[in-house]
Number of protein chains: 2
Amino acid sequence: MTLSSKPLFSTLGLVLFALTLFFTPPPLEITPKAWSLFTIFITAIVSILLNLLPIITASILAMTVAVFSGVMDPKEAYAGFSESFILLIVAAFLVSHAVHTSGLGKRLSLHIIRHFGHSTLGLGYSLIATDMLIAPAFPSNTARSGVLYPIAYGLAYDCGSKVADGTARRAGAYLMMTSMAGLTLSSGLWLTAMAVNPIGVHIAQTMGVEITFFSWLLASILPTAVAFITLPYVLYRIFSPELTATPHAPKMAVDALSTMGSRTRNEWITAGVFVGMLILWSLSGVFPIDKTAVAFGGLAILMLFRIFKVEDFKHQGEALSTLIWFAILFAMSTQLGQLGFMEAIAHHASGYLVGMPWGEVYLLLTLIYVLIHYFFVSQSAHLIALFGLFLTVAIHAGVPKELMAMMLLFATNFNAMITPQGSSANAIYLSSGYLTAREIYLYGGAVTALNFAIFVLIGTPWILFITR
Amino acid sequence: MTLSSKPLFSTLGLVLFALTLFFTPPPLEITPKAWSLFTIFITAIVSILLNLLPIITASILAMTVAVFSGVMDPKEAYAGFSESFILLIVAAFLVSHAVHTSGLGKRLSLHIIRHFGHSTLGLGYSLIATDMLIAPAFPSNTARSGVLYPIAYGLAYDCGSKVADGTARRAGAYLMMTSMAGLTLSSGLWLTAMAVNPIGVHIAQTMGVEITFFSWLLASILPTAVAFITLPYVLYRIFSPELTATPHAPKMAVDALSTMGSRTRNEWITAGVFVGMLILWSLSGVFPIDKTAVAFGGLAILMLFRIFKVEDFKHQGEALSTLIWFAILFAMSTQLGQLGFMEAIAHHASGYLVGMPWGEVYLLLTLIYVLIHYFFVSQSAHLIALFGLFLTVAIHAGVPKELMAMMLLFATNFNAMITPQGSSANAIYLSSGYLTAREIYLYGGAVTALNFAIFVLIGTPWILFITR
């Protein structure tokens, strides 16, 4: 009676790891409850990393253990299910299905292929470029992933890369991974490209750092540009698509477009809904428009016109499993934060910084801020919990406050891919089936390391130069 | 550009109905906000009743309208998604899939057919009898539906009645409807068969009515027995299965059982999980065991053993749509209740009762209590909002308090089928695909009417007799 075909050795190792943690007295000022929750959470994360359990199994199991052991109250454990931004993923995922079935996704992607489709690498660059251009009007990277995902899906599909027939690695996996990496950049490029950026700016202001839309852009543009040039290529080398050169693709796309003929009724309606959602989402920064209700509204219209049919729900179970694992991990991370776990680590770490030169303090704080994202589900929770704290410590240690503030704000965005749950935007790509959670840990980790290097090496002198 | 093929006339009528309500000034002491929410809610309900929209489309549309018009705060609109009892439906639905695929559901249903399978009617009776017998140990009818549903599903399946090939009405639809009707009886038979019963008993106690486990059973047993004999037969006449006499079924079941051979590993494990869940659910009344975590725990074990596979999620989208519509309607109903809508109606109605003989007051109050369930999603919310209020009014009007208390407690259970959302237990049957929301409105309404007649005509003299 084995746990399917997973290596027994790793399983035993993991159980031993969990038990060891469990019987270790909590270090620092961490409470026993927070330590137990951390043990459950980290065991789940490691089981995913080691490929022992799928993310959904690990999450459900962790939640059950947490509730039965009394570490989490049921109410807390289920709270994530009604989180607006998590439901936004679900609704965006369902809408993307209609974008695909209506033919609109295919048409959009054929147009992209017509212009940039000489190579899979070219498609990767064009996906990120699109993202960057629409980002300033999109105060939510989750919503933006809802726009980009169906296009990436269409591109993969048109490249003959499908999950169902085992050709995910032909082009789709690369395109999904690249688009996800693109979101870590587009969100940091513009002050308004991500819900939590303005909150960070506000916190920085209370500490005497003034950041405007343009001073943000000026600081971000150079390191982001370098990362934009680098990331698609590096992923292309380390997470290579099987399909590379596609010299005939643009011509084929033109043919396919003429074969498709003019837009159908369903395409027009879907395009209208899609543009409507885009407009409302971009206005949601200025007016009190609920982004999730926008997505559900779009879905409702598509359902009224039977472009998304009730029967279509039957095969949208991926959206359910995404909702479940994301809601669970989010609730656990939120609870860890509320129990003071991350703060305890941050406080302790900052104790070591006393007497260090500010350059080292700056580097270490940035590194810790990035790595601690392993414990956070969603970027907002991370920034709200730690940005102010880190900035305070840095200013006390003599780090130029503009530099530290900007770097931490960028890090909040560029570290988003360190885990599958690191950003709600990742979830929709994972739910596509083109990527595994483990691949996101590995290559998302690589993207994060690269982002870190680029932003520290190029961003640091650049920010010092422009703020001098 | 029509809204699919639905009759234009009804759609226009509905729009007119909604607009008329919207521009009518709120009656009674209802606030404008509550009135707007009621307009949205009732329009959605009527659109489902008239078969204009599927329940999921109507719910999403209603929620979007409510949020965009500012009638509902997004936070309130999404609150239902993290409701423990709604997530219990989702988890129970997923577990039932494993009960089916493991072969355990088939084996259980074959055993039932072997003994009671001479007719579809016999199967209907045996389903309710099983329910009644396990009910006292099950403080949640939602959890109980999670036990009964896979058995009903297996029975339907073994009768050659499947949703996919259009044979739902052969036997499955009848069995699902009957099992759902059974839950309206089993929940009222025992004080401990339904989460909200003890709360009602507690409220009654504060008004001087003492009810024990046995005095409850004594009062319920006669009307419940009559309803038990009546319901499966009446449904058999008005919602007839195509398959009726099956004289060879028991013999065939015996053969099928011997063909199946001994239990497989998967069956053993699933049976173990199922029994474990049963035990934990039955203990959840005594110990602080979270019923939803029990279901998720069962699912986690089934996933660890790959009896429920990660890939299986893909086709479990029905669970997602059930979660969405139930969570939305529940949130709307909760909000209506919090805005005082139901109370305003109840207060107003009780004004008419002044000076009436107590018999009429008793009858009218019971009737209103039953009919007002059209606005409630979940039985708990209904009882908590109105039971105390109705009992107070009745006692002032001279109705014997034991009689009124018992009848309202029974009504809380026997009215559960008046709408698809009337009880969380209904949701799992609806999600099966064997029934439409409209059929539940129609035949569930008939069952409620019948229950009302039986409990009033037989229950009233009986309760007066035993409490004299």
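**Exercise 1. A serine in a loop**

Take A:Ser82 and decide from its relative accessibility whether it's buried or exposed.

*Solution.* Step one: the relative accessibility of A:Ser82 is 18%, so this serine counts as buried. The cut-offs are under 20% relative accessible area for buried, over 50% for exposed, and partly exposed in between, with a 1.4 Å probe and protein chains only.

Before going on, some housekeeping: this is a predicted model, where local features need pLDDT of at least 70, side-chain atom pairs count only at pLDDT 80 or more, and totals for chains, interfaces and linings use all residues. Residues are numbered from 1 along each chain as its sequence is written, chains are lettered from A and ligands numbered from 1 in the order in which they are written, and side-chain values use heavy atoms, with hydrogens and water left out.

Step two: find the spot. A:Ser82 sits in the loop between α4 (74–78) and α5 of chain A. Helices here are DSSP runs (H or I, at least four residues), numbered from the N terminus.

Step three: look at who touches A:Ser82. Setting aside neighbours within four places in sequence, its contacts (heavy atoms within 4.5 Å) are A:Leu87, B:Tyr78, B:Ala79, B:Phe81 and B:Ser82.

Step four: check a residue far along the chain. A:Leu323 is 241 residues away in sequence, but the two C-alpha atoms are 9.8 Å apart.

**Exercise 2. Two faces of a helix**

Work out which residues of α12(B) are buried and which are exposed.

*Solution.* Start with the length. Helix α12 of chain B (residues 249–260) has 12 residues, so at 1.5 Å a residue it should span 16 Å, and its end C-alpha atoms are indeed 16 Å apart. The expected span is 1.5 Å times one less than the number of residues.

Next, sort the residues. B:Ala249, B:Pro250, B:Ala253 and B:Leu257 are buried. These four cover an arc of only 95° around the axis, so they lie on the same side of α12(B). (That arc is taken from the directions from the helix axis to the C-beta atoms.) The general rule helps here: an α-helix has 3.6 residues a turn, so residues three or four places apart point the same way.

Turn to the other side of α12(B), and you find B:Lys251, B:Met252, B:Ser258 and B:Thr259 exposed. The cover over the buried residues includes α6 (104–116) of chain B.

Last, step off the end: B:Gly261, just after α12(B), has a positive phi of about 75°.

**Exercise 3. How enclosed is α2(A)?**

Count how many of the 18 residues of α2(A) are buried.

*Solution.* First, the span: residues 32–49 of chain A should cover 26 Å at 1.5 Å a residue, and the end C-alpha atoms are 25 Å apart, which agrees. Then the count: 15 of the 18 residues are buried, so α2(A) is largely enclosed by the rest of the structure. After this helix comes A:Asn51, with a positive phi near 65°.

**Exercise 4. Two helix pairs**

Describe how α5(A) packs on α20(A), then do the same for α9(A) and α21(A).

*Solution.* For two packed helices, you want the angle between their axes and the distance between the axes. Axes are lines fitted to C-alpha atoms, for helices over the stretch in contact, and angles run from 0 to 180 degrees between N-to-C directions.

Pair one: α5 (residues 84–101) and α20 (residues 424–431) of chain A pack at about 35°, with axes 10 Å apart. A:Phe85, A:Ile89, A:Ala92 and A:Phe93 of α5(A) meet A:Ser424, A:Ala427, A:Ile428 and A:Ser431 of α20(A). By class, that's six nonpolar, two polar and no charged residues. The classes go like this: Ala, Val, Leu, Ile, Met, Phe, Trp, Tyr, Cys and Pro are nonpolar, Asp, Glu, Lys and Arg are charged, and the others, Gly among them, are polar.

Pair two: the axes of α9 (residues 172–189) and α21 (residues 437–466) of chain A come within 11 Å and cross at roughly 35°. From α9(A), the contact uses A:Met177, A:Met180, A:Ala181, A:Thr184 and A:Leu185, while α21(A) brings A:Glu439, A:Ile440, A:Tyr443, A:Val447, A:Asn451 and A:Phe455. Sorted by class, the α9(A)–α21(A) contact has eight nonpolar, two polar and one charged residues.
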